[in-house]
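Thanks for coming. I have one structure to show today, and I will go through it piece by piece.

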Amino acid sequence: MKYLWPHPVSRVEQRKVTWAIRHDGLIFASGYYVGGPETETPAWRNADPREYTIEYVNRAVERYERDGLESFLQFYNSVASFEGEWYLFATDADDIYHVHPLLPHLIGVDIKDVVGSDGYRLGEALAEATEEGVWVEYLWPHPVTLKEVPKVGYAVRRDGMIFASGYYVRVDDPARETVAYVEQAIEYYKTNGLEATIAHYSSEEGVVGQWGLTLADENNILLVAHLTPQLLGTDLTEISRARRDRNVGEELAAATEDGIWVSSIFPNARTSELLYAHTWAVRYDGLLFMSRYYDDQPDVPE
C-alpha cells in the first residue's frame with residue numbers, strides 16, 4: 001500500500017510504501033520511504049521553542065478542521081505526530097482528554113483534575129484557554145525518564161475543545177549538570193557504600209529530571225541501569241547503541257578517573273524521536289559511574 005506518513009528523522013510527511021501480511025491472525029508489516037526529505041534538517045531544530053509551540057498547535061487545529069475529528073484523533077494519538085519534543089494533548093468540549101500520546105492513561109480524564117506534584121492545579125490553568133490562547137508553566141514528566149521537569153504549555157480553544165502542546169525548559173549547561181550529577185553519585189557512594197548506592201540510584205529518588213545513574217563494577221557488569229533494568233548483570237562492553245561497526249559500551253568502559261564523553265544515537269521508544277545521548281563516564285574505586293543528557297545535536301561535549 002502507498003500513503004503519506006511522517007519520516008522518523010525529518011517528521012515531514014512523505015510517500016511511504018508498506019508491505020503487510022497476516023500470519024496466525026497477526027499482521028506483520030514494514031515499509032520504506034520514497035523521496036529525500038529525510039536529509040533535511042528537522043524544522044524544530046534551533047527553532048524558537050515558543051514560536052514553534054504555537055505553530056505546532058495551529059497545524060493541529062488546521063488538521064482537525066480539514067480532516068475531521070476521527071482522523072485528527074487517530075493521528076495525534078500516535079507516535080507519528082511527535083515533532084522532536086512536541087506532541088499534542090487535547091480535550092473534547094467537556095474538557096475530557098481525548099488526545100495524549102505520551103501518557104495515554106490520561107485519555108478520559110478531566111483536564112481540570114490534573115494537579116502537579118507541587119500541588120499546582122495546572123489542568124485548571126490550561127482549561128482557562130480561549131481562542132486567544134494561554135501560556136502555563138508547570139512540572140511535567142520528561143519524555144525519556146518520565147521524571148518531572150519544568151515545562152511551558154500553550155493551549156487554545158476551537159469548537160469548545162482544547163488544543164495544546166509545550167516545550168521543556170532548556171538547561172543552560174546540560175554537560176556541566178551531567179558531570180555534577182555523576183560527582184554527587186560518587187560522593188553518595190563514598191558516604192553510604194555500594195549496596196546503598198545501588199538501592200538509591202535504582203529507585204525513583206535517584207532520578208533528577210533527565211538525569212539518572214548507570215553504574216558498572218570493575219568487570220563492567222551493570223549494577224544500575226535506571227532506563228533499562230533488563231540489562232542488569234550484562235557486560236557493558238557487549239552493548240552497542242550505535243552503528244554496527246561501533247561498540248559504545250567498549251568506549252564507555254575505557255573511561256578513567258579523568259572521565260570521558262561518549263555520544264551516541266538514542267531512539268526514544270516512547271516518542272519515536274531520534275535523540276543523541278551524551279554520556280559522561282568516570283572510574284572511581286574501580287567502579288564505572290555514568291550519566292547522560294539528551295538533545296538533537298550530534299556533537300560530543302567539550
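I will start with lysine 112, which is partly exposed, with a relative accessible area of 29%. Keep in mind throughout that this is a predicted model. Lysine 112 forms a salt bridge with aspartate 95, and the closest N and O atoms are 3.1 Å apart. The two residues come from distant parts of the chain, 17 residues apart. Aspartate 95 sits in the loop between strand 4 and strand 5, while lysine 112 is in the loop between strand 5 and helix 3. Is aspartate 95 buried or exposed? Its relative accessibility is 8%, and the cut-off for buried is under 20%, so aspartate 95 counts as buried. This pair also belongs to something wider: Asp95, Asp110, Lys112 and Arg157 are joined into one network by salt bridges that share partners.

How many salt bridges does the count come to? The answer is nine. I will show two others from that count.

One of them is between arginine 59 and glutamate 83, with 2.8 Å between the closest N and O atoms. Again the pair links distant parts of the chain, with arginine 59 in helix 1 and glutamate 83 in the loop between helix 2 and strand 4, 24 residues apart. Arginine 59 is partly exposed, at a relative accessible area of 28%. Glutamate 83 has a relative accessible area of 11%, so this acid is buried.

The other is between arginine 66 and aspartate 67, where the closest N and O atoms are 2.8 Å apart. Here arginine 66 is exposed, with a relative accessible area of 58%, and aspartate 67 is partly exposed, at 33%.

Staying in the loop between helix 2 and strand 4, glutamate 85 is found there too. Glutamate 85 has a relative accessibility of 17%, so it counts as buried. Which residue is 211 residues from glutamate 85 in sequence and 9.8 Å from it in space, C-alpha to C-alpha? That is aspartate 296.

Next, the helices. Two packed helices are described by the angle between their axes and the distance between the axes. For helix 1, residues 49–67, and helix 2, residues 69–76, the angle is about 140 degrees and the axes are 7 Å apart. Why is this pair called oblique? Angles over 145 degrees count as roughly antiparallel and 65 to 115 as roughly perpendicular; about 140 degrees falls in neither range, so helix 1 is oblique to helix 2. On the helix 1 side, the residues in the contact are Tyr56, Arg59, Ala60, Arg63, Tyr64 and Asp67. On the helix 2 side they are Leu69, Ser71, Phe72, Phe75 and Tyr76. By type, the contact residues divide into seven nonpolar, one polar and three charged. Two names recur from the salt bridges: Arg59, the partner of glutamate 83, and Asp67, the partner of arginine 66.

Now the strands, with two hairpins to look at. In the one made by strand 6, residues 134–141, and strand 7, residues 148–158, the strands pair in the antiparallel sense over eight bridges. Proline 141 stands opposite glutamate 148 in strand 7. Six residues lie between the two strands, and leucine 146 in that turn has a positive phi of about 60 degrees.

The other hairpin is made by strand 9, residues 214–216, and strand 10, residues 222–225, which pair in the antiparallel sense over three bridges. Leucine 215 is opposite valine 224 in strand 10. Which residue in the turn of this hairpin has a positive phi? It is asparagine 220, at about 70 degrees, in a turn with five residues between the strands.

Last, two aspartates with positive phi. Aspartate 24 is not a glycine, yet its phi is positive, at about 55 degrees. Where does aspartate 24 lie? It lies in the loop between strand 2 and strand 3. With 72% relative accessibility, aspartate 24 counts as exposed. Aspartate 159 likewise has a positive phi, near 55 degrees. Aspartate 159 is in the loop between strand 7 and strand 8, so on the strand 7 side we are back at a strand of the hairpin with strand 6. At 57% relative accessibility, aspartate 159 counts as exposed.

That is what I have. I will take questions now.

Methods: Residues are numbered from 1 along each chain as its sequence is written. This is a predicted model: local features need pLDDT of at least 70, side-chain atom pairs count only at pLDDT 80 or more; totals for chains, interfaces and linings use all residues. Side-chain values use heavy atoms; hydrogens and water are left out. Two strands pair if DSSP finds at least two bridges between them. Helices (H or I, at least four residues) and strands (E, at least two) are DSSP runs, numbered from the N terminus. Axes are lines fitted to C-alpha atoms, for helices over the stretch in contact, and angles run from 0 to 180 degrees between N-to-C directions. Angles under 35 degrees count as roughly parallel, over 145 as roughly antiparallel, 65 to 115 as roughly perpendicular and the rest as oblique. Contact means heavy atoms within 4.5 Å. Ala, Val, Leu, Ile, Met, Phe, Trp, Tyr, Cys and Pro count as nonpolar, Asp, Glu, Lys and Arg as charged, and the others, Gly among them, as polar. A salt bridge is a side-chain nitrogen of Lys or Arg within 4 Å of a carboxyl oxygen of Asp or Glu. Buried means under 20% relative accessible area, exposed over 50%, partly exposed in between (1.4 Å probe, protein chains only).
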